[in-house]
Structures are given as structure tokens and as C-alpha cells.
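Reader: Hello! Could you take me closely through one part of this model, with the cut-offs spelled out as you go?

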Amino acid sequence: MSKPFDTSLKELIELDPLGWASFFSPFPVESAQLIDSDLATLLAVADKVLRVQTPTLAYLMQVELQASHSLELASRLHLYSAALTDRHRLPVRTVLLLLRPEASASNLTGTWEQGFPGEPAYLTFRYDLIRVWTQPLDGLLRGPLGLLPLAGLTDEAQGQIETVAAQMVQRVRREAPLDRTATIETALFTLMGLRQNADLIARLIEGVREMEESSFYQLILRRGEERGRQEGRQEGIALGERQGEGRGKTLGARQTILRQARRKLGEPTPEQLARLEAIEDLAQLEEIADRMLSDIHTWDELLA
């Protein structure tokens with residue numbers, strides 16, 4: 001079973017492949033889309049692989065996410081890269097994101113070589129090494145929305161984590177499509193758990209609830225409601241002017257919970273699925289989404 005942060009990060013890449021490709025590509029990116037990363041012949045799965053199109057070439061971007069110490073990681077990255085090149089006949093650019101200082105193994109330098117003692121290396125593999133905690137906070141706060149939760153992992157954010165969390169949540173509520181808000185916010189607090197204790201995360205989540213009652217947040221909400229109504233009309237969704245935003249958020253939250261819970265807990269029974277679909281209270285759905293961050297193991301625990 002994958003770790004919660006692992007699932008959250010992969011979902012962020014799925015939500016914004018162009019943002020991730022553009023942020024890490026040294027070339028201008030015209031488009032980016034996810035491709036199958038299951039290297040079945042090797043009994044291995046790369047984290048996420050994007051097919052990136054630039055004005056002059058197409059290539060694959062292999063994005064690997066690491067939160068723990070591993071001396072075998074570099075050789076495994078080379079194996080994935082070689083297999084992807086063989087399968088897709090495209091050059092591969094590997095981007096390794098180390099999510100916290102504990103993941104910084106001594107042999108992770110951006111270059112992996114293979115050779116015999118006293119002889120030049122017969123194989124050199126290079127990859128882009130990103131130590132997330134050293135990244136500028138402002139660049140992530142203002143960067144692609146799909147990378148926004150990484151801001152909470154930077155060293156610069158640690159001394160002002162309450163302020164940074166509020167800034168991230170406000171941007172998500174202001175800019176994210178309705179069906180992606182819950183996913184990005186869940187990823188935001190899940191990733192913070194890599195560097196913060198559970199008590200602080202709980203206080204931050206409570207702070208978000210208090211923020212929702214402020215006049216500033218109500219202004220953001222009204223703007224979001226208007227944007228939601230406009231998007232609803234464009235997509236032909238017949239939502240009422242007064243209830244449309246609430247119903248849209250409820251549907252988006254329920255879909256996000258269902259997608260994440262299936263990955264963590266497996267497929268629900270028809271009865272459990274009916275219980276989830278019967279919940280119309282957005283606050284209750286947000287409580288269930290928060291519960292995904294806790295140590296739960298069954299659908300009944302999630303829906304309690």
C-alpha cells in the first residue's frame with residue numbers, strides 16, 4: 001500500500017502535468033501528458049512519466065518522489081530510464097525530488113556511474129536532483145498550482161508555517177477548479193506531515209476552518225461562486241444561482257474522497273458507496289476528507 005504523501009503527490013502530477021513539466025523542463029513546453037509508467041517486464045513502476053512536447057523535440061520526463069534514505073535509488077532510476085527509452089523510443093529526462101533532508105543519501109549527486117576500479121566509467125547516467133527543502137518559497141507559492149503544496153516542505157516555510165499554510169489555502173480556494181480544491185488541500189496538509197507533527201497539522205486545519213468564517217474568505221468565496229456559475233454555464237451544468245456553487249463543491253469533494261479512499265482502502269461495498277453519496281453536507285464531507293490524513297484502515301472508519 002502506498003504512503004499517503006506518495007498518493008497525494010502523484011495526484012498533483014495527474015491534475016497539472018503541464019505545470020510540473022514546465023517547472024522542471026529546461027526547454028519551453030508546449031504540452032505535457034501522462035503516459036503509462038508500469039514497466040511490467042521489470043516488475044517495477046516509475047512514479048510518474050510525462051510525455052513532453054517542446055517546439056523542437058518530444059521527450060519523456062520521469063518524475064521520482066523520495067522521502068526516505070536509499071543508497072540504491074540512483075541505480076534504480078537508471079534502470080527505469082533505460083526501460084522507458086527502450087519502450088517508447090524517446091529520450092528520458094529524470095527528475096528526482098527529495099522531499100525532506102532525511103532522504104538525502106550520500107550517493108545522490110545527480111550523476112551515477114558504473115565501471116571497474118582503476119578504469120574510466122563505462123556508463124554515466126545523469127539526472128536532475130531537486131532538494132525541495134532548499135527551493136525558494138516564493139517560487140513555489142507563485143508557481144504552478146499543482147506544485148503549490150511543495151511550498152510547505154521548504155526550509156524557508158518552517159519558521160512561518162501557519163502563514164504559509166494560510167497563503168496556500170487562500171490561493172487554492174481562489175484559483176483551483178471546484179473539482180480539484182479538495183484534492184489539492186488534502187495533498188497540502190498530507191505533505192506538511194513530512195516535516196511537521198500531527199498536532200501542528202491539526203491546528204493548521206482548524207485555522208483553515210476559522211479562516212473560512214472571516215470576511216476576507218467570504219469575499220474569495222463569493223468570487224469563487226461567480227466563477228463557478230460561469231464555468232457551470234459554459235459546461236452546460238444546470239446549477240441554480242444560489243445553490244450551484246454549493247452543489248458543485250459537494251460533488252467535487254465527494255468525488256475526491258472516493259478516488260483517494262479507493263487507493264488507500266480499496267473498493268467500497270454498495271452500502272458504503274451509498275452512504276457516501278447520500279452526504280450532501282459540505283462540512284461533513286470536509287471532515288471525512290480530513291479523516292483521510294489519520295490512521296484509518298476501513299471504509300467504516302472513514303464514514304463513521
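Author: Happily! Let us begin with Val-49, which stands opposite Gln-62 in strand 5. Strand 4 (residues 48-53) and strand 5 (residues 58-66) run antiparallel and are joined by six bridges; two strands pair if DSSP finds at least two bridges between them. Helices (H or I, at least four residues) and strands (E, at least two) are DSSP runs, numbered from the N terminus.

A word on the source: this is a predicted model, where local features need pLDDT of at least 70 and side-chain atom pairs count only at pLDDT 80 or more, while totals for chains, interfaces and linings use all residues. Residues are numbered from 1 along each chain as its sequence is written, and side-chain values use heavy atoms, leaving out hydrogens and water.

Strands 4 and 5 belong to an open sheet of five strands, in the order 1-4-5-6-9 and with mixed pairing. Its edges are strand 1 (31-35) and strand 9 (128-131), each pairing on one side only. On average, neighbouring strands of this sheet are turned by 25 degrees against each other, direction ignored; axes are lines fitted to C-alpha atoms, for helices over the stretch in contact, and angles run from 0 to 180 degrees between N-to-C directions.

Helix 2 (residues 17-24) packs on the sheet and touches strand 1, strand 4, strand 5, strand 6 (92-98) and strand 9, contact meaning heavy atoms within 4.5 Å. The direction of helix 2 makes about 95 degrees with that of strand 5. Helix 3 (residues 73-88) lies across strand 1, strand 4, strand 5 and strand 6, running at about 150 degrees to strand 5.

Within helix 2, Trp-20 and Phe-24 sit four residues apart, about one turn of the helix. Their rings form a tilted aromatic pair, 5.9 Å centre to centre with 45 degrees between the planes. Rings of Phe, Tyr and Trp (its six-membered ring) pair if their centres lie within 6.5 Å; planes under 30 degrees apart count as stacked, over 60 as edge-to-face and the rest as tilted. Trp-20 counts as buried because its relative accessibility is 0%, and Phe-24 is buried at 12%; buried means under 20% relative accessible area, exposed over 50%, partly exposed in between (1.4 Å probe, protein chains only).

Leu-97 is in contact with both Trp-20 and Phe-24, and its other partners beyond four places in sequence include Val-63, Leu-65 and Ile-130.
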